[in-house]
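Student: I should like to work through a protein model step by step, reasoning from its geometry. May we begin once it is on display?

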Amino acid sequence: MTILYPVATNAEQALSRPLGRAARESEARRRAGGAVAFTTDPAGPAFPTREAAIEAYGERLEPAEPADRFCQLTQQVAAEAGRAPAPVEPAFEDGRRWPAPGPAPRTVWRLTVSYWRIPTAERPLDPPQARQARRGKQALEPQTLQAIARAPLRPVKPQQPLDIGLFEVRPPEAPHIVMPDE
C-alpha cells in the first residue's frame, strides 16, 4: 500500500486543490518544480468531541482508496487565551510530596494533514539554526522558535573521521602503524 501525499503550500490547499500527489520526495520535487519538505499540519476548525470531528470529516478519515490515507484526527490541548499552568510547590502533606493534580485541560479534535510542503516567503523550508538565531540577537516570531525547536540538530561542519579506535595506539617508533592496545 503506497500512500500518495498531496503537494501543496499549506494544509488547506492540500485538502482542496493540491498541485499533484506523490509518494516519494523526488516525485514531489518534480511536481512542485523545486524543493519540498514533508510535514504534518492541522487543517480546518477544532471540534469539541471526536464524534463531531468524525461526522464532519468521515470521508477523509476512511477513504475508499488506501492511497488517500493522508489525514488523521489528533487530540490537542485547547488554546486558552495566554494561560500557562501555574507552577506547583511541593506540599509534603500526609506522606505525599506533591499536591493532587488539577483538572485536566480542555482538549479539542483537529484534522491533521500529511503532505509535501512547497516553501513560500512566509514559511521557508528550513528555519535558521538556533546558534545563528541566538547570535543574531533579533526578536523571533513564536512560529520560528517552534520550528527551530522541532528541527533536527545540524553540525556546523562535517565530523572528521577518527584516526584510531578506543583500544588502539600508535607506537612512537612507527607512527604510521596502528596497533591494538590489548
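**Salt bridges and burial in a predicted model**

Tutor: E62 has a relative accessible area of 60%, which places this residue in the exposed class because that class begins over 50%. The model is predicted, and the values discussed here are computed from it.

Student: With which residue does the side chain of E62 meet in a salt bridge?

Tutor: The N to O distance of the pair is 3.7 Å, and the rule admits a side-chain nitrogen of Lys or Arg within 4 Å of a carboxyl oxygen. The partner has 35% relative accessibility and so counts as partly exposed. The residue that meets E62 is R69.

Student: How many salt bridges does the rule give, and which residue pairs with R21?

Tutor: The count comes to 4 salt bridges. In the bridge of R21, the closest N and O atoms are 2.8 Å apart. The partner of R21 is D68.

Student: Where do R21 and D68 lie, and how many residues apart are they?

Tutor: R21 belongs to strand β2 (residues 20–22), while D68 sits in the loop between α3 and β4. The bridge therefore links distant parts of the chain, its two ends being 47 residues apart.

Student: Is R21 buried or exposed, or does it fall in between, and what of D68?

Tutor: Buried means under 20% and exposed over 50%, so a value between these limits is partly exposed. R21 has 25% relative accessibility, and D68 has 27%. R21 counts as partly exposed, and D68 likewise counts as partly exposed.

Student: Which helix holds both R29 and E25?

Tutor: R29 forms a salt bridge with E25, with the closest N and O atoms 4.0 Å apart. The two residues are 4 residues apart, about one turn of the helix. R29 is partly exposed at 40%, as is E25 at 38%. The helix that holds both is α2 (residues 25–32).

Student: A28 is found in helix α2 as well. Why is A28 classed as buried, and what is its relative accessible area?

Tutor: Among the residues A28 touches, leaving out those up to four places away in sequence, are V7, A22, V36 and W116. The C-alpha atoms of A28 and A8, 20 residues apart along the chain, are separated by 9.5 Å. A28 is classed as buried because its value lies under 20%. That relative accessible area is 0%.

Student: Which element supplies the largest share of the largest nonpolar core?

Tutor: This core has 24 residues, of which L15, F70, L111, V113 and W116 touch the most other members. At least two residues each come from β1 (5–8), α1 (11–16), β3, α3 (50–61), β4 (71–77) and β5 (107–117). The largest share, 5 residues, comes from β5.

Student: Why might such a core be expected, and which residues does V113 touch?

Tutor: In soluble globular proteins, nonpolar side chains tend to be buried together. Residues up to four places away in sequence are not counted among the contacts of V113. V113 touches A11, A14, L15, T39, T40, D41, A43, F70 and C71.

Student: D41 appears in that list. With which residue does the side chain of D41 make a polar contact, and at what distance?

Tutor: D41 lies in strand β3 (residues 37–47). With 13% relative accessible area, D41 is buried because the limit is under 20%. Beyond four places in sequence, D41 is in contact with A11, L111, T112, V113, Y115 and R123. The polar contact joins its side chain to that of Y115 at 2.7 Å.

Student: Which residues form a nonpolar patch on the surface, and what is their accessible area together?

Tutor: One member, M179, is found in strand β7 (residues 179–180). M179 counts as partly exposed, because its 37% relative accessibility is neither under 20% nor over 50%. The patch consists of V169, I177 and M179, with about 210 Å² together.

Student: How many helices and strands does the protein have, and what percentage of its residues count as buried?

Tutor: From the N terminus on, the elements run β-α-β-α-β-α-β-β-α-α-β-β, which comes to 5 helices and 7 strands. The protein exposes about 13900 Å², with carbon and sulfur atoms supplying 54% of it. Of its 182 residues, the percentage that count as buried is 24%.

Methods
Residues numbered from 1 in each chain as written. Predicted model: local features only at pLDDT ≥ 70, side-chain atom pairs only at ≥ 80, totals over all residues. Heavy atoms only, no water. Buried < 20%, exposed > 50% of the residue type's maximum accessible area, 1.4 Å probe, protein only. Polar contact = N/O pair within 3.5 Å; in protein donor to acceptor, adjacent residues only side chain to side chain. Contact = heavy atoms within 4.5 Å. Patch = residues over 30% accessible without salt bridge, like charges linked within 9 Å, V, L, I, M, F, W, Y side chains within 5 Å. Areas by Shrake-Rupley, 256 points an atom, 1.4 Å probe, with all protein chains shown as cover. Core = buried A, V, L, I, M, F, W, Y, C linked by side-chain atoms within 4.5 Å.
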